Amino acid sequence: MSDPSDLLTRFSIALTKRVTAVKTAVVAIRLPAGRHLTGMLLRADVIVTSDQSLPKRDEFEVVMAGGSTVSAKVVGRDPGTNIAAVKLSQPVSSGSIIPGEAQVGALALAIGADANGGARARMGVVNAVEPEWYSSHGGRIDQRIVLDINLGQSEEGGPILDAAGGVLGMSTLGPRRQAIVIPTATIERVVPSLLRDGRIARGWLGATLRPVAVPEALGDAAGQSSGLMVMSLTDDGPAATAGIVAGDIILSVDGASTRRMRNITARLGADSIGRKVDLRFIRSGTVTSRQTTITERPSP
Amino acid sequence: MSAALKPTPSIQLRVAIHATTPPRRMALSKILADAGYIVVDAQDAADLVLADGDCAQIEDTPTVVLGSVDRPVSGSLLPGADAHQIDAALRAVAAGLIVRSPAAKEAGFDQLDESDVQGLLTPRELEVLGAIMGGFTNKAIARHLDISLHTVKFHVESVFRKLCVRSRAEAVARALDSKHFRTIKL
């Protein structure tokens, strides 16, 4: 029946080969109520998965490709990049991951796990590729890759392949169930820290802030039209130590304007911890500045 | 005519409550009792379950959850849902429907929200908007903030312009669902 010279048949065979090549690296993480989440085998004893969909527990049962089960421990989580690293109680054989390259319009395959050690596949194209971005949790992600694939809930956390079989990254459900990719480069950057420290350190000021317009009369002195008003402070946090009080409008941190959040987030990376910075703010109609030392954000 | 078109008989539904704290349980019990439900103990047979997000257990009984929950449930409302919403959700779920609050949108891993600096309110305008939401008149706002009535009117106009609204009611509705009361932890 099937004509091996037929283009569509060859295309289909190539797709199944890609899935077969990667399916030993796809695992199911068992969740309560008979549900599961997909994980991706990064090396013999480490899997990564989507942090936002992994319940706050320390241990899980993992169904390997083929159906055997292994117990596993969560060793580190980073909500900022949506990466959770889970360590298997016994190593399994694993292939190596070859990073892929994302191009708009290129074919993409999303591989998920079913509950019993089988694979699930979906195909689409890369809808958008944009430069590095910051998540609402403050993590830096190397590339913004959006897919036109309708990802199933249990398939989140699996690998996304390009046409050559390279791994673009880990699938993640974005706003309105949009499928986005946490790039392989980000996973390779974050996972070693997660395995070592269990978390990604970030700096903080210890303040809850609200975006406000700078009153017109102060616009010239402030040099910007908006800022972040202090709503509350954490006792002994860097902002409180510097003498910042509720009601102050913060204009810049370490020279970076609070008009753009990503400037501020970029200034509060792991390297900021222990750094002395200037906080410029408005209090009682005057622009002033104080110095403080960034400390590490306590874990939630 | 089919049975589905008959009006629902006014049977009293039995509801079990899983609340985070005893006072919260009492508050929810009162809402349910006022709406004509029978509140039963957790171990008793119930037609429905009303649970706070953190307390939702795995149930076969149709469940309405107030807050986020990490598995599919029949009804999902915001933690601060009012009595009317809770009643409507319980009745809908009892009738075999699925209830979602549009505000309790499916979250997802999202980008850092660059605040749209156009149309942000000044601290004074936020105070005035807060007072409008509290149902204060301009006169009361002037007294409360210790500013002239003229200045209050000026701020109210500016708030209306920035929110693109024409009435106090519209301003309240817009404010409840807007960037102006969003906070960021740094």
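What share of the 300 residues of chain A counts as buried? In this predicted model, the buried residues of chain A make up 44% of its 300 residues. The secondary structure of the chain consists of five helices and 22 strands, and its C-alpha trace extends over about 80 × 40 × 30 Å when followed along the principal axes. Among the contacts in chain A whose separation is 6 or more, 59% are formed by residues that lie 24 or more positions apart in the chain.

The contact between the two chains draws on 40 residues from chain A and 25 residues from chain B. On the side of chain A that touches chain B, at least two residues each are supplied by strand 9 (133-134), strand 13 (167-173), strand 16 (207-213), strand 17 (226-233) and helix 5 (261-267). Of the contributions to this side of chain A, that of strand 16 is the greatest, with seven residues. When the residues of the side of chain A that touches chain B are sorted by character, 22 are nonpolar, eleven are polar and seven are charged.

Strand 16 of chain A, which gives the most residues to the side touching chain B, is also joined by two bridges to strand 7 of chain B (residues 184-185), and these two strands run antiparallel. Within the residues of the two chains, A:Thr208 is found opposite B:Lys185, a residue that belongs to strand 7 of chain B.

How values were computed. Residues numbered from 1 in each chain as written. Chains lettered and ligands numbered in written order. Predicted model: local features only at pLDDT ≥ 70, side-chain atom pairs only at ≥ 80, totals over all residues. Helix = DSSP H or I, 4+ residues; strand = E, 2+ residues; numbered from the N terminus. Buried ≥ 20, exposed ≤ 12 C-beta atoms within 10 Å, placed from the backbone. Contact = placed C-beta atoms within 7 Å. Nonpolar A, V, L, I, M, F, W, Y, C, P; charged D, E, K, R; others polar. Pairing = 2+ DSSP bridges.
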